[in-house]
Amino acid sequence: MRRASVERKTKETDIAVTLCLDGEGRAEIATGIGFYDHMLEQLARHSLMDITIKAEGDLHIDAHHTVEDVGITLGLALKKALGERRGIRRYGHAYVPMDETLSRVAVDISGRPFLVWKLAFTQDRLGEMDTELFEEFARAFAFAAGITLHVENLYGLNNHHKIESCFKGLAMALRMAVELDPRRGDQIASTKGTIGG
């Protein structure tokens, strides 16, 4: 089983993440931000990763530090669980519809962190979470994990549907990218012979 645990503590947040790449999609998420927990549960369920996140942050200020630092810690756990990235497919993508909404997510487990984010909201908050913080999560996660991540909402009206389809798309793209390819064996999916090394 490819798994990792990471703890990260600052003056603003105290976060512990455990991640198993070869799981069943189980989630134990407690960030103190209900809508964020719901999205992270979607990430676990549809990626088939088992994810446990316990976070305490300065929510009396706002959710920014907690959202960003959970993204960092989860990204670090993914990077650690992948190790040398031997045998993985490396690339993943997904189109995810949710009622009137369609989103596309593509991932490259490249060792080169990058984020392309094309998602516009028509309201400032979902539940108690500022919608602008979803991009902060995606950037923190991608850069800590060392992945290239493209997220795009192609169309849609409902803001909840937009972001949920993106999180489900991220889950499905990651599931594909981290999957062990039986044809590859223990080879690394790069002509360089290393990913992120």
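1. Which side chain meets that of Asp-181 in a salt bridge? The partner is Arg-89, at 3.5 Å from N to O, where a salt bridge is taken as a side-chain nitrogen of Lys or Arg within 4 Å of a carboxyl oxygen of Asp or Glu. Asp-181 lies in the segment after helix H4 (159-178) and Arg-89 in the loop between helix H2 (64-82) and strand E5 (91-98), so the pair ties together parts that are 92 residues apart in sequence. Asp-181 counts as buried at 14% relative accessibility, whereas Arg-89, at 30%, counts as partly exposed; buried means under 20% relative accessible area, exposed over 50%, and partly exposed in between, with a 1.4 Å probe and protein chains only.

2. On the basis of these remarks: this is a predicted model, in which local features need pLDDT of at least 70 and side-chain atom pairs count only at pLDDT 80 or more, while totals for chains, interfaces and linings use all residues. Residues are numbered from 1 along each chain as its sequence is written, and side-chain values use heavy atoms, with hydrogens and water left out.

3. Other salt bridges deserve a mention, since a search of the whole structure finds 15 of them. Glu-152 pairs with Arg-104, the closest N and O atoms being 2.5 Å apart. Glu-152 belongs to strand E10 (residues 148-155) and Arg-104 to strand E6 (residues 101-108), so this pair ties together parts that are 48 residues apart in sequence. Both residues are partly exposed, Glu-152 at 22% relative accessibility and Arg-104 with a relative accessible area of 31%. Arg-86 forms a salt bridge with Glu-84, with 2.7 Å between the closest N and O atoms, and Arg-86 is partly exposed at 40% relative accessibility. In addition, Glu-24, Arg-26 and Asp-50 are linked in a network of salt bridges.

4. The strands toward the N terminus can be followed by their pairing, for which DSSP must find at least two bridges between two strands; helices (H or I, at least four residues) and strands (E, at least two) are DSSP runs, numbered from the N terminus. Strand E1 (residues 3-9) and strand E2 (residues 13-20) are antiparallel over seven bridges, and they form a hairpin with three residues between them. Arg-3 has Cys-20 in E2 as its bridge partner. E2 is also joined to strand E4 (residues 50-57), again antiparallel, by eight bridges, with Leu-19 standing opposite Ile-51 in E4.

5. Gly-23 sits in the loop between E2 and strand E3 (27-30). Although Gly-23 and Asp-50 are 27 residues apart in sequence, their C-alpha atoms are 5.0 Å apart in space. Leaving aside residues up to four places away in sequence, Gly-23 touches Leu-48 and Asp-50, contact meaning heavy atoms within 4.5 Å. Leu-48 comes just after H1 and takes a positive phi of about 60 degrees.

6. Two helices can be checked for length, the expected span being 1.5 Å times one less than the number of residues. Helix H1 (residues 34-47) has 14 residues and should span 20 Å at 1.5 Å a residue, which agrees with the 20 Å between its end C-alpha atoms. Its buried residues include Phe-35, Met-39 and Leu-43. Helix H3 (residues 133-145), with 13 residues, reaches 18 Å from its first C-alpha to its last, close to the 18 Å expected. Among the buried residues of H3 are Phe-134, Phe-137 and Phe-141, and H3 is followed by Gly-146, whose positive phi is near 75 degrees.

7. A further sheet is open, has four strands in the order E5-E6-E10-E7, and shows mixed pairing. Its edge strands are E5 and strand E7 (114-118), each of which pairs on one side only. The twist averages 10 degrees from one strand to the next. H3 packs on this sheet, touching E7 and E10, and its direction makes about 160 degrees with that of E7; axes are lines fitted to C-alpha atoms, for helices over the stretch in contact, and angles run from 0 to 180 degrees between N-to-C directions. H4 lies across E5, E6, E7 and E10, running at about 150 degrees to E5. Within the sheet, E5 and E6 are antiparallel over eight bridges, and Tyr-95 stands opposite Arg-104 in E6.

8. On the cysteines, the count of disulfides comes to zero, a disulfide being a pair of cysteine sulfur atoms within 2.5 Å. Cys-20 is buried, with a relative accessible area of 2%, and Cys-166 also counts as buried, at 3% relative accessibility.
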